[in-house]
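Here is a short briefing for a reader who is meeting this structure for the first time. Please look through the sequence and the model before turning to the points that follow.

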Amino acid sequence: MTGRSERPWVVLKFGGTSVSSAANWQNIAAVIRARLAANLRPVIVHSALSGITDRLESLIGGALEGRHAAVIEAIEAAHRKLSASLEVVPGAEFDSLLQELRRIADSIAETREPSDRLRARVMAMGELLATTLGAAYLNAQGIATTWIDARRVLRAEAREGANARAAYLSATCDYAPDPGLQAEWAAGGRVVITQGFIAANEAGETVLLGRGGSDTSGAYFAAKLAAARLEIWTDVPGMFSANPRDVPNARLLRALHYDEAQEIASNGAKVLHPRCVMPVRQYGIPLHVYATQAPQLPGTIVSADVIDSAARVKAIAIKKGITLVSMDSPGMWHQVGFLADAFQVFKQQGLSVDLVSTSETNVTVSLDPAANTLDAAAIERLTAALGALCRVKVLGPCASLSLLGQNIRGILHELGAAFELFQDQKIYLVTQAANDLNFTFVIDESQGDRLVQQLHERLIQRIGSDEVLGPTWQELFAPTRVPEAHAREWWQDSKKRAQLIEIAKKEHAAYVYDPATIDAAVASLGKVRSIDRWAYAMKANWHAGILRRLHTAGFMIECVSEGEARHAFASVPGLQPEEVLFTPNFAPRAEYEFGFARGLRVTLDNLYPLEHWPDLFAGREVFVRVDPGFGRGHHQHVRTAGLYSKFGVPVAELDALAQLAAARSVKVVGLHAHSGSGIFDVDSWVETGRLLAELTARFPDVRTVDLGGGLGVPDYLGAAGVDLEALDRGVASLRRRFPHLAFWMEPGRFMVARAGVLVAEVTQLKGKGEVRYVGVATGMNSLIRPALYGAHHEVVNLSRFDEPATQIATVVGPICESADRLATDRWLPVTQEGDVLLLANCGAYGFAMASNYNLRAPAREFMIGE
């Protein structure tokens with residue numbers, strides 16, 4: 001490449017997290033020394049400190065209300081705290097910039113008009129302030145460093161059709177190689193530190209490159225300097241086959257083509273900003289991605305020279321918050337110009353379209369929130385404008401889930417097993433990119449994370465290490481013999497492992513429960529102080545010892561059948577009728593007669609019993625299960641609300657129910673809703689509680705709102721669970737608004753899933769081509785969740801707990817069904833007949849859903865540690 005000096009340039013971009021701690025700055029200094037030792041000329045492109053950009057945003061709002069001084073003080077304090085930890089004193093440039101920020105904020109407060117020009121000046125201060133500290137630190141470390149204002153170098157281009165707002169807040173710059181700049185900076189002989197995210201227009205005014213624009217700044221500088229490479233330093237050691245925080249088994253992508261990296265970044269991966277790829281691709285500059293906190297890790301190399309260019313899925317990405325706009329009109333068939341007219345409306349509304357799907361009478365497009373402002377007013381304006389052309393339907397929130405890699409069309413025939421995962425999903429749109437780099441599905445947002453995990457397991461996890469796929473996230477950050485997450489699991493304890501193996505050897509297969517883990521689940525709910533009473537949904541696991549333990553801890557018992565209620569009374573001495581919530585569904589009249597006769601808290605979820613058995617309900621107190629109109633959860637079969645769910649009284653029928661109740665002197669004393677299972681979004685319960693509390697206006701005797709259960713349990717070890725403190729804050733907000741109501745919840749799986757495991761002896765081994773099967777002594781007759789829900793259960797070979805996982809195997813049982821797979825494509829040690837395998841998180845809906853299918857008795861239950 002022309003234009004490179006004898007000592008090549010290397011541009012290193014460090015993100016906000018990377019520059020926000022002294023430990024990271026020590027690593028940065030070591031990296032710079034290493035680049036200097038390699039005879040390279042380093043240029044550092046530097047983001048604002050973590051959280052400062054958001055504070056600057058709030059500063060603008062605060063200035064409009066005259067409360068900006070406190071925000072500026074917080075911004076200054078964050079920088080001075082870092083400078084103290086770096087043992088440097090902010091210089092005159094820092095103080096000058098801080099004074100400028102105060103003047104701008106005062107101006108906004110006085111004029112009450114935060115123009116886009118002033119907004120750009122405010123937002124630029126994060127990078128400007130932070131880089132003064134970075135330069136001071138490197139100089140203090142003996143690394144001769146010059147601070148450069150990026151606005152002297154990067155000039156925004158005038159873009160045809162761009163509005164004034166975009167010109168200030170989402171600018172693009174010329175990045176052609178600049179020999180004059182190269183000569184000027186080379187003559188200085190010092191390391192250069194400059195800012196990401198900011199540039200200047202031809203008038204010298206500050207402009208921004210858009211959120212995430214520091215990556216793009218790095219690419220611009222690399223191109224202008226004809227650099228040998230661009231290095232992006234972040235908190236993730238490269239690009240991965242999925243988001244490693246959601247999929248701990250995500251694989252490091254060692255090498256990618258520019259096109260693949262841009263596609264992965266454009267489809268939801270946040271390691272790179274998509275716009276940073278084009279400049280380095282145009283000039284053939286390799287791009288490396290590294291982790292600042294772990295500079296020794298290999299990272300990802302993005303270039304045109306990729307060893308493996310075969311057709312394959314390399315990554316699975318998800319974008320959430322997608323809005324679909326469906327335009328329907330029989331008249332569009334063969335109508336010249338319909339699409340042009342429709343897209344002109346989107347342009348006039350300032351909205352950028354992402355995906356497009358067409359038929360003779362319908363066009364559906366997606367709107368990405370990352371590229372559009374999608375508040376209710378914007379959607380309403382769009383709908384009104386399109387209404388002149390067609391019928392409009394807006395759908396959301398949705399998620400786009402993409403399979404990414406080169407030549408996707410060439411392997412569609414290999415993806416059949418993966419596509420089976422969509423059989424129970426509502427698919428709104430399917431597209432296959434013209435560049436043959438992605439295959440995208442638009443689905444309900446609530447299903448996205450689970451599908452990513454399942455698709456990754458089927459398509460990527462089973463592949464061995466090669467030129468592209470490297471180690472997993474867990475292997476990189478938990479290099480001990482077992483992942484650190486295992487340390488939080490009770491079955492890792494050596495004594496309990498020995499007990500588990502002993503039970504499995506005697507029984508061949510068994511469910512084993514740990515009471516201390518149940519106690520820990522109870523204790524964790526102590527964070528949710530705003531819930532008045534808890535009930536245990538015993539259908540999850542009706543083991544007598546578990547029922548007694550939870551009742552002793554203060555839990556009521558929630559039953560869904562007469563059989564469950566009778567079992568609860570037989571198992572729990574002293575259980576009082578008012579401590580039992582009885583929630584039958586499509587049950588015969590006799591079950592309601594039983595509930596009332598025993599004095600249970602009976603729940604109605606249908607008008608039919610009131611309409612047809614009025615004498616049975618006359619003068620009674622009941623709860624009513626309401627269908628809120630939306631279902632949530634990890635699988636269609638556990639979403640227990642919405643049009644296609646059999647549960648609950650629709651909101652539209654509540655007036656009729658109120659009339660029936662009044663006519664029969666029935667008092668509705670509680671409203672209840674249960675949207676589904678495996679929910680992690682706390683807003684689900686807050687939204688349900690708000691709806692139910694508002695509905696109590698129709699039922700004057702209601703004293704209790706039951707938010708249901710469904711608290712999610714992570715499928716993968718080490719994955720994040722429900723934020724219970726956030727749940728507490730949400731329910732507390734409901735209590736403040738509705739102080740006359742008591743709020744209850746009824747968790748089931750949350751209480752017992754982690755406390756239970758299924759252990760089974762290995763019976764046979766089998767290989768069919770590349771597929772290896774490990775057979776165990778029980779199957780879907782004991783654990784039907786994988787077959788019924790596609791549920792994931794971690795698998796561990798207890799007999800070889802200390803040995804490395806070196807082979808991929810599918811764990812199957814002895815049942816005569818092709819669905820009898822307990823786990824697919826899992827990494828295990830070399831496994832032999834007689835070994836004991838453990839399946840984790842089996843304490844809920846395991847034995848409770850077991851059967852004698854094939855006349856094979858399911859695994860028996862054992863409680864240890866009492």
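A residue is called buried if its relative accessible area is under 20%, exposed if that area is over 50%, and partly exposed in between, using a 1.4 Å probe and protein chains only. The model is predicted, so local features need pLDDT of at least 70 and side-chain atom pairs count only at pLDDT 80 or more, while totals for chains, interfaces and linings use all residues. Residues are numbered from 1 along each chain as its sequence is written, and side-chain values use heavy atoms, with hydrogens and water left out.

**Confidence**

- The predictor's confidence in each residue, pLDDT, runs from 0 to 100; its mean for the protein is 87, and 93% of the residues reach 70 or more.
- Helices (H or I, at least four residues) and strands (E, at least two) are DSSP runs numbered from the N terminus; among these elements, helix 15 (residues 473-477) has the lowest mean pLDDT, 75, and strand 19 (residues 509-513) the highest, 98.
- Over residues 1-5 pLDDT stays under 50, and the model has 13 contacts for them beyond four places in sequence, a contact being heavy atoms within 4.5 Å.
- Residues 479-487 also have pLDDT under 50 throughout, with 18 contacts beyond four places in sequence.
- Where pLDDT is low, the predicted coordinates should not be read in detail.

**Nonpolar cores**

- A nonpolar core is a set of buried Ala, Val, Leu, Ile, Met, Phe, Trp, Tyr and Cys residues joined through side-chain atoms within 4.5 Å.
- The largest such core has 133 residues, and those with the most contacts inside it are Trp185 and Met239; its largest share, 13 residues, comes from helix 5 (residues 116-140).
- A second, separate core has 97 residues, including Ile546, Cys559, Leu839 and Ala844.
- Leaving out residues up to four places away in sequence, Trp185 touches Trp9, Val43, Ile148, Val153, Val192, Phe221 and Leu225.

**Two buried residues**

- Ile193 lies in strand 4 (residues 191-195) and is buried because its relative accessible area is 0%.
- Beyond four places in sequence, the residues that Ile193 touches include Trp25, Ile44, His46 and Trp147.
- The C-alpha atoms of Ile193 and Leu128 are 11 Å apart, with these positions 65 residues apart along the chain.
- Ser217, in helix 8 (residues 213-224), counts as buried because its relative accessibility is 0%.
- Among the contacts of Ser217 outside its neighbours within four places in sequence are Val45, Leu154, Gln195 and Leu209.

**Paired strands**

- Two strands pair if DSSP finds at least two bridges between them.
- Strand 7 (residues 229-234) is mostly covered, with five of its six residues buried.
- Strand 7 pairs in the parallel sense with strand 1 (residues 9-14) over five bridges, and it pairs in the parallel sense with strand 10 (residues 287-291), again over five bridges.
- Ile232 of strand 7 stands opposite Lys13, and its bridge partner in strand 10 is Val289.
- Strand 29 (residues 756-768) pairs in the antiparallel sense with strand 19 over five bridges, and it runs antiparallel to strand 34 (residues 836-839), to which four bridges join it.
- Leu758 in strand 29 stands opposite Tyr511, while its bridge partner in strand 34 is Leu839.

**Aromatic rings**

- Rings of Phe, Tyr and Trp (its six-membered ring) pair if their centres lie within 6.5 Å, and planes under 30 degrees apart count as stacked, over 60 as edge-to-face and the rest as tilted; the count comes to 17 aromatic pairs.
- Phe582 and Phe594 form an edge-to-face pair, 6.2 Å centre to centre with 70° between the planes, which links strand 22 (residues 580-582) to helix 20 (residues 589-598).
- Both Phe582 and Phe594 are buried.
- Tyr592 and Trp613 form a tilted pair, 5.8 Å centre to centre with 55° between the planes.
- Tyr592 counts as buried because its relative accessibility is 2%, and Trp613 counts as buried because its value is 14%.
- Ring pairs link Tyr592, Phe596, Tyr608, Trp613 and Phe617 into a cluster.
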